[in-house]
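Biologist: Before I plan any bench work, I would like to go through this structure with you one topic at a time. Could you take me through the reasoning behind each answer?

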Amino acid sequence: MSTTGATADPLAALGALPGVAESVESVRKAVDRVYGHRVMRRRSNAVTSEAALRGARGSAALSGADWALEEVRRRSDFGADDEARVVGAALRLTAEAGQLLSIWRQSPLRVLARLHLVAAAAGGDEVGRPRQAGERADEPLIELPQPDADEVAGRLDGLAQLVLAGSQAPALVTAAVVHGELLALRPFTTCNGLVARAAERIVLIGSGLDPKAICPAEVGHAELGRASYLAALDGYVSGTPEGMAAWIAHCGRAVELGVRESTAVCEALQRGAA
C-alpha cells in the first residue's frame, strides 16, 4: 500500500484524499437509512440471513461462478465441479466471517489464515498459510504481476500492523485498503478474491459501520461488474492519490448497492413477499 506521504496514521491520510470524504458520507447516509427501516426493528435477523446469501452469491460471481440467486439458495451439493466449489467456498466464508470479529482485532493474520482454510476446504501444506518461495497464486481473473513470497510476507505484516495500531480513518477506507491489498498480493495459492472480500466484510461489520451485516458490499462489487472491479484495482495498485481514491470510491459504491439490495429485502418482508 502506498500513501501520499509519511504519517503516523496512513489510513487517515487516505481518508483525506480528494473525493474520499464524499464517498464516506454517502455510504454513511445509505447505511443509516436501511438501519432505520421499520422492518429492521423486528426482522433484522431475516435481513441479515438474506444479505449473507446474496453477498456470497456476489463474491462467487466475481470469482467466476455467476449463479442465479435461487440456484445458490436451492443447491446443497457444492463439491460437484469447479463453479460449485467456488460458490460453496463463498457461502462458508460468509458464515465464518461473523465468528472472527474479535480475533481480527488481535491477530488479523490468524484470521486471514483461517479464512483461507475455510475457503479451500482441502488438505495440503499450502492451505492456511501465505505463499512460499516458488509458489504461485491460482487467481486467473486477476492478471496483475504477482509479488514474490518475501514481498507478500512483508506487506502482510505491514497490513497487520496497520489494523492492530488502529486508525481514525473511516471504516470504508480501512475496508477498502484491506480488500485492495489482499487482491494486490494474492497471498495464498488459491481463493484470494474470496478471502479479500470476506476480510472487507469483517472490517465493515467489526468497525460498527454495519454491525448487523446487512450491507453486503459483495453484491455491489458484482453488480458493478468484473471489468470495473479490475479497473479500480489497477488504481489501487498504482499507489497514486487518484488511483487510491478511485478504489475507495468504488468500494463505497459497492456498499451502497449492497444497501439498496437489503432495502429491497426489507420492502419485500414488509409486504410479506419474502
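**Helix H12 and its surroundings**

Biologist: Which residues of H12 are buried?
Modeller: This is a predicted model, and a residue counts as buried when its relative accessible area is under 20%. In H12, the residues that are buried are Tyr229, Ala232, Leu233, Gly235 and Tyr236.

Biologist: Within what arc do the buried residues of H12 fall, seen down its axis?
Modeller: The buried residues line one face of H12, because their directions, seen down the helix axis, are confined to a limited arc. What covers these residues includes helix H3 (44-62), helix H9 (171-185), helix H10 (192-206), helix H11 (217-224) and helix H13 (241-271). The arc within which they fall is 150°.

Biologist: How far does H12 reach from its first C-alpha to its last?
Modeller: Helix H12 covers residues 226-238, which makes 13 residues, and at 1.5 Å a residue the expected reach is 18 Å. Just after H12, Gly239 takes a positive phi of about 75°. The reach from first to last C-alpha is close to the expected one, at 18 Å.

**Cysteines**

Biologist: How many disulfides does the count come to?
Modeller: A disulfide requires two cysteine sulfur atoms within 2.5 Å. For Cys191, the nearest cysteine sulfur is that of Cys251, 20 Å away, and for Cys266 the nearest is that of Cys215, 9.4 Å away. Neither Cys191 nor Cys266 is in a disulfide, and the count for the model comes to 0.

Biologist: Is Cys266 buried or exposed?
Modeller: With buried meaning under 20% relative accessible area, Cys191 counts as buried at 19%. Cys266 has a relative accessibility of 0%, and therefore counts as buried.

**Salt bridges**

Biologist: Which residue forms a salt bridge with Asp32?
Modeller: The count of salt bridges comes to 16, and the one formed by Asp32 has its closest N and O atoms 2.9 Å apart. Both partners lie in helix H2 (residues 20-35), 4 residues apart, about one turn of the helix. Asp32 is partly exposed at 43%, and its partner is Arg28.

Biologist: How many residues apart in sequence are the parts that Glu261 and Arg54 tie together?
Modeller: The side chains of Glu261 and Arg54 meet in a salt bridge of 2.9 Å, N to O. Glu261 lies in helix H13 and Arg54 in helix H3, so the pair ties together parts of the chain that are 207 residues apart.

Biologist: Which residues are joined into one network by salt bridges that share partners?
Modeller: The salt bridge of Arg85 with Asp82, at 2.7 Å between the closest N and O atoms, is set within helix H5 (residues 82-97), where the two are 3 residues apart. Arg85 is partly exposed at 40%, whereas Asp82 is exposed at 56%. The network joined through shared partners consists of Glu50, Arg54, Glu70, Arg73 and Glu261.

**The loop between H9 and H10**

Biologist: What is the phi of Arg186?
Modeller: Most residues other than glycine have a negative phi. Arg186 is in the loop between H9 and H10 and is buried, with a relative accessible area of 1%. The phi of Arg186 is positive, near 45°.

Biologist: Where is Cys191 placed?
Modeller: Cys191 has a phi near 60°, a positive value in a residue other than glycine. The place of Cys191 is in the loop between H9 and H10.

Note on methods: Residues numbered from 1 in each chain as written. Predicted model: local features only at pLDDT ≥ 70, side-chain atom pairs only at ≥ 80, totals over all residues. Heavy atoms only, no water. Expected span 1.5 Å × (residues − 1). Buried < 20%, exposed > 50% of the residue type's maximum accessible area, 1.4 Å probe, protein only. Arc of directions from axis to C-beta. Contact = heavy atoms within 4.5 Å. Salt bridge = Lys/Arg side-chain N within 4 Å of Asp/Glu carboxyl O.
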